[in-house]
Amino acid sequence: MRTPIIAGNWKMYKNVQEAVELTKGLKEMLSSMKGVEVVLCPPFTDLSEVAKVLEGSAIGLGGQDCYWLNEGAYTGEIAPRMLKSAGCTYCIIGHSERRTYFHETNETVNKKVMAALAEGLKPIMCVGETLKEREENRTFAVVKNHVENGLKGVNGNDMDRVVIAYEPVWAIGTGRNATPGQAQEVHAYIRKLLGALYGESVAAKVRIQYGGSVKPENAAEIMKERDVDGALVGGASLKADSFFGIIKKSVKE
Ligand code: PEP
């Protein structure tokens with residue numbers, strides 16, 4: 001059985017003090033939580049302090065992005081190796097906000113996925129269609145393009161470290177989540193794509209998160225879908241109570 005994974009994407013919120021406070025609260029709330037993996041993805045500037053608070057807990061730490069080289073004259077960029085040394089085990093890659101506002105492409109996403117894997121990190125690779133693409137019945141084609149090109153060159157042996165986040169762009173930060181049926185349909189399709197690329201047994205083990213306006217109120221019904229293995233949570237991960245509310249509802253019986 002796949003252990004669900006709930007990751008909190010704090011985006012560009014929380015200064016160091018706020019991040020430490022939120023992390024302390026979550027650490028306390030999650031001290032006896034079983035059957036779900038939890039990962040916090042704060043801004044880069046918070047990572048080291050959050051890592052200190054997380055010492056001794058099962059909560060993981062992730063970056064929100066990384067560059068594809070480990071050092072060099074690339075002002076403003078953060079290397080996978082730097083994330084590792086700050087205490088990260090995960091890294092979100094190809095979030096739709098990065099694709100939209102920072103012009104990331106499947107090619108750069110792929111380079112970042114490869115670089116993260118090479119450093120021993122676990123990439124959370126985001127894929128998903130815009131509203132226009134869904135309305136034009138291009139959801140499957142867009143997702144196929146994101147999955148196949150984002151994973152180009154990734155070896156089947158490394159797929160146990162890859163998490164895929166299906167995040168329909170129209171559901172991110174809009175309050176409008178995909179229905180459980182819409183999520184399951186795309187998740188099953190992604191698993192089928194992975195099966196074609198890597199074989200059924202590898203595909204069966206890859207965790208596919210849903211992301212897009214997940215809240216405590218809608219988490220349970222989305223999480224109970226067969227191919228939904230957790231969530232990538234934005235807004236609702238910024239408060240301990242709401243994030244905890246989602247985590248509690250994600251444990252599969
Ligand atoms: C996200 O940022 O990945 C996300 C899903 O945001 P929200 O939960 O706020 O829709």
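1. Is proline 123 buried or exposed? In this predicted model, proline 123 is buried, because its relative accessibility is 0% and the cut-off for buried is under 20%. The residue sits in strand S5, which runs over residues 122-127. Apart from neighbours within four places in sequence, proline 123 contacts Cys91, Ile93, Val113, Ala116, Leu117, Arg161, Val162 and Val163. Its C-alpha is 9.3 Å from that of aspartate 65, with the two positions 58 residues apart in sequence terms.

2. Aspartate 65 also appears at the largest pocket, whose space is about 440 Å³. This pocket is lined by 17 residues, and those closest to its centre are Lys11, Gln64, Asp65, Arg98 and Phe102. Helix H4 (residues 96-101) gives the largest share of the lining, with 3 residues. Sorted by class, the lining holds 8 nonpolar, 4 polar and 5 charged residues.

3. The second largest pocket has about 220 Å³ of space. Its lining consists of 16 residues, of which Gly173, Ser213, Gly234, Gly235 and Ala236 are closest to the centre. The classes here are 5 nonpolar, 8 polar and 3 charged residues.

4. Serine 213 deserves a separate look. Its phi is positive, about 55°, although the residue is not a glycine. Serine 213 belongs to the loop between strand S7 (207-211) and H10. It counts as buried because its relative accessibility is 13%, against a limit of under 20%. Serine 213 is also among the residues closest to the centre of the second largest pocket.

5. Histidine 103 has a positive phi as well, near 55°, and is likewise a residue other than glycine. Its place is in the loop between H4 and H5. Which side of the exposure limits does histidine 103 fall on, buried or exposed? Histidine 103 is exposed, because its relative accessible area is 63% and the limit for exposed is over 50%.

6. Helix H5 covers residues 106-118, and threonine 108 lies in it. The side chain of threonine 108 reaches the backbone nitrogen of threonine 105 at 2.9 Å. Threonine 108 has a relative accessible area of 18% and is therefore buried, the cut-off being under 20%. A reader who applies another threshold may want to check this residue.

7. Asparagine 106 is another residue of helix H5. With a relative accessibility of 16%, asparagine 106 counts as buried. Once neighbours within four places in sequence are set aside, its contacts are Arg99, Asn145, His146, Asn149 and Gly150.

8. The largest nonpolar core has 64 residues. Which of them touch the most other members? They are Leu40, Leu151, Ile190, Leu194 and Tyr210. Helix H8 (residues 180-198) contributes the most to this core, with 7 residues. For isoleucine 190, the contacts beyond four places in sequence are Val127, Val143, Val147, Ile164, Tyr166 and Ile208. A second core, separate from this one, has 11 residues, including Ala7, Ile92, Cys126 and Ala165.

9. How many residues of helix H11 are buried? In H11 (residues 240-248), 7 of the 9 residues are buried, and the helix is mostly covered. The buried ones are Ala240, Ser242, Phe243, Phe244, Gly245, Ile246 and Ile247. They pack against two helices and three strands by name: helix H1 (16-29), helix H10 (216-223), strand S1 (5-9), strand S2 (37-41) and strand S8 (230-233).

10. Glutamate 55 is found in the loop that joins helix H2 (47-54) and strand S3 (60-63). It is classed as exposed because its relative accessibility is 56%, with the limit at over 50%. Between glutamate 55 and threonine 174 the C-alpha to C-alpha distance is 34 Å, and the two are 119 residues apart in sequence.

Terms used
Residues are numbered from 1 along each chain as its sequence is written. This is a predicted model: local features need pLDDT of at least 70, side-chain atom pairs count only at pLDDT 80 or more; totals for chains, interfaces and linings use all residues. Side-chain values use heavy atoms; hydrogens and water are left out. Helices (H or I, at least four residues) and strands (E, at least two) are DSSP runs, numbered from the N terminus. Buried means under 20% relative accessible area, exposed over 50%, partly exposed in between (1.4 Å probe, protein chains only). A polar contact is a pair of N or O atoms within 3.5 Å; within protein, one must be able to donate a hydrogen and the other to accept it, and residues adjacent in sequence count only if both atoms are side-chain atoms. On a 1 Å grid over the protein atoms alone, a cavity is a set of points where a 1.4 Å probe fits but cannot get out, and a pocket is an open set with protein on both sides within 12 Å along at least five of seven lines; lining residues have an atom within 4 Å of a point. Grid points are joined across faces, edges and corners, and a volume is the space filled by probe spheres set on the points. Ala, Val, Leu, Ile, Met, Phe, Trp, Tyr, Cys and Pro count as nonpolar, Asp, Glu, Lys and Arg as charged, and the others, Gly among them, as polar. A nonpolar core is a set of buried Ala, Val, Leu, Ile, Met, Phe, Trp, Tyr and Cys residues joined through side-chain atoms within 4.5 Å. Contact means heavy atoms within 4.5 Å.
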